[in-house]
Amino acid sequence: MPIINVTDIADPRLRMYSHQREVLLLDWPGYERGLFIGESANVIDRAMDSGIAPISFFLEEKWLPKTMPQIQKAWTLDPDIPVFTATREQFRAITTYEVTRGALAAFHRPPLPDVRDLLAGARRVAVLEDVTNYTNIGAIFRSAAALGIDAVLVTPSCHDPYYRRAARVSMGTVFQVPWTRIGTTQDWAAEGVPLLHELGFEVVALALSEDAIPLDEPTLKQSEKLALVLGTEGDGLAASTIAACDRTVIIPMEHGVDSLNVAAASAVAFWQLRR
């Protein structure tokens with residue numbers, strides 16, 4: 001059960017934790033689907049609970065006692081998983097992070113499921129179109145887990161829910177709510193919406209539109225299988241996406257406010273449309 005005190009900040013075993021752009025982890029040598037870095041006990045616990053074993057841990061010395069439950073759990077999977085501890089100065093020099101919410105752990109990326117397999121048995125689905133703010137992605141997943149969303153689909157241009165900040169903000173729920181990507185091009189709806197129709201879903205766009213119906217329209221909640229499409233920050237959904245959907249809905253607003261942040265809007269919509 002190796003706990004290794006860092007003596008060399010250039011140790012190649014720590015390179016995956018260094019100040020890399022996270023997108024580089026997607027093509028990490030030796031790993032078919034790349035890596036992701038989990039931060040905090042919740043994220044690491046829930047990643048392991050979903051069946052993903054860590055490759056290694058890296059943490060400041062002060063976090064070791066609080067991280068031992070996760071380390072012990074990892075060692076039941078593989079007793080040779082290394083745990084690297086460092087001083088605060090060493091940790092900052094390697095990661096460039098000023099603050100973390102606990103230990104870091106490196107994981108291999110699991111394969112993403114096929115959309116049809118993912119949605120077998122699902123009744124409430126969220127589709128994230130081109131959402132690029134990691135905090136919003138994490139918050140949406142946390143709301144999805146809490147408010148009865150069965151699965152999340154992300155479009156090709158949507159940022160990765162496994163990215164460190166997104167997973168941390170989600171409190172690890174990106175490993176609890178099943179998700180995968182839908183579509184193969186920027187205009188994902190051209191193939192994605194017909195696929196959702198084929199699987200029996202009514203597809204509803206959450207967007208500002210003159211013909212939008214209010215979110216509390218009773219027939220929405222009565223829909224047996226519903227896919228709610230949420231758009232990117234600022235621009236919202238593409239016009240072609242709105243046109244492809246069956247209906248457009250809006251959250252009624254007061255005091256001259258026209259819309260909510262996508263993460264806040266998702267929570268309101270998930271609660272209203274829950275089964």
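**Exercise 1. Determine how strand β3 (residues 54–60) is joined to β5, and which other strand pairs with β5.**

Solution. In this predicted model, strand β3 (residues 54–60) and β5 run antiparallel and are joined by four bridges. On turning to strand β2 (residues 35–39), one finds that it also pairs with β5 in the antiparallel sense, here over five bridges. At the level of single residues, proline 54 has phenylalanine 107 of β5 as its bridge partner, and phenylalanine 107 is likewise the bridge partner of phenylalanine 36.

**Exercise 2. Decide whether strand β5 (residues 104–108) is largely enclosed or open.**

Solution. The step needs a cut-off, namely that a residue counts as buried when its relative accessible area is under 20%. Four of the five residues of β5 are buried, and the strand is therefore largely enclosed by the rest of the structure. For the setting, buried residues make up 49% of the 275 residues in the protein chain.

**Exercise 3. Place threonine 248 in the structure and list what it touches.**

Solution. Begin with the element: threonine 248 belongs to strand β12 (residues 247–250). Its relative accessibility is 8%, so it counts as buried. Leaving aside residues up to four places away in sequence, threonine 248 touches Ala205, Ala207, Ser209, Asp211, Ala212, Ile213 and Ile242.

**Exercise 4. Describe the backbone and surroundings of threonine 96 and aspartate 130, which have positive phi values.**

Solution. The background is that most residues other than glycine have a negative phi. Threonine 96, which is not a glycine, has a positive phi near 70 degrees, and it lies in the loop between α3 (88–95) and β5. Aspartate 130, also not a glycine, has a positive phi of about 60 degrees, and its loop runs between β6 (124–128) and α5 (134–146). As to accessibility, threonine 96 is partly exposed, with a relative accessible area of 44%, whereas aspartate 130 is buried at 14%.

**Exercise 5. Assess whether the radius of gyration of the protein chain agrees with that of a compact globule.**

Solution. A compact globule of 275 residues would have a radius of gyration near 19 Å, and the protein chain has 20 Å, so the two agree. The C-alpha trace spans about 65 × 40 × 30 Å along its principal axes, and the chain holds ten helices and twelve strands. Finally, of the contacts between residues at least 6 apart in sequence, 81% join residues at least 24 apart.

Definitions and conventions: Residues numbered from 1 in each chain as written. Predicted model: local features only at pLDDT ≥ 70, side-chain atom pairs only at ≥ 80, totals over all residues. Heavy atoms only, no water. Helix = DSSP H or I, 4+ residues; strand = E, 2+ residues; numbered from the N terminus. Rg over C-alpha atoms; globule rule 2.2 N^0.38 Å. Buried < 20%, exposed > 50% of the residue type's maximum accessible area, 1.4 Å probe, protein only. Contact = heavy atoms within 4.5 Å. Pairing = 2+ DSSP bridges.
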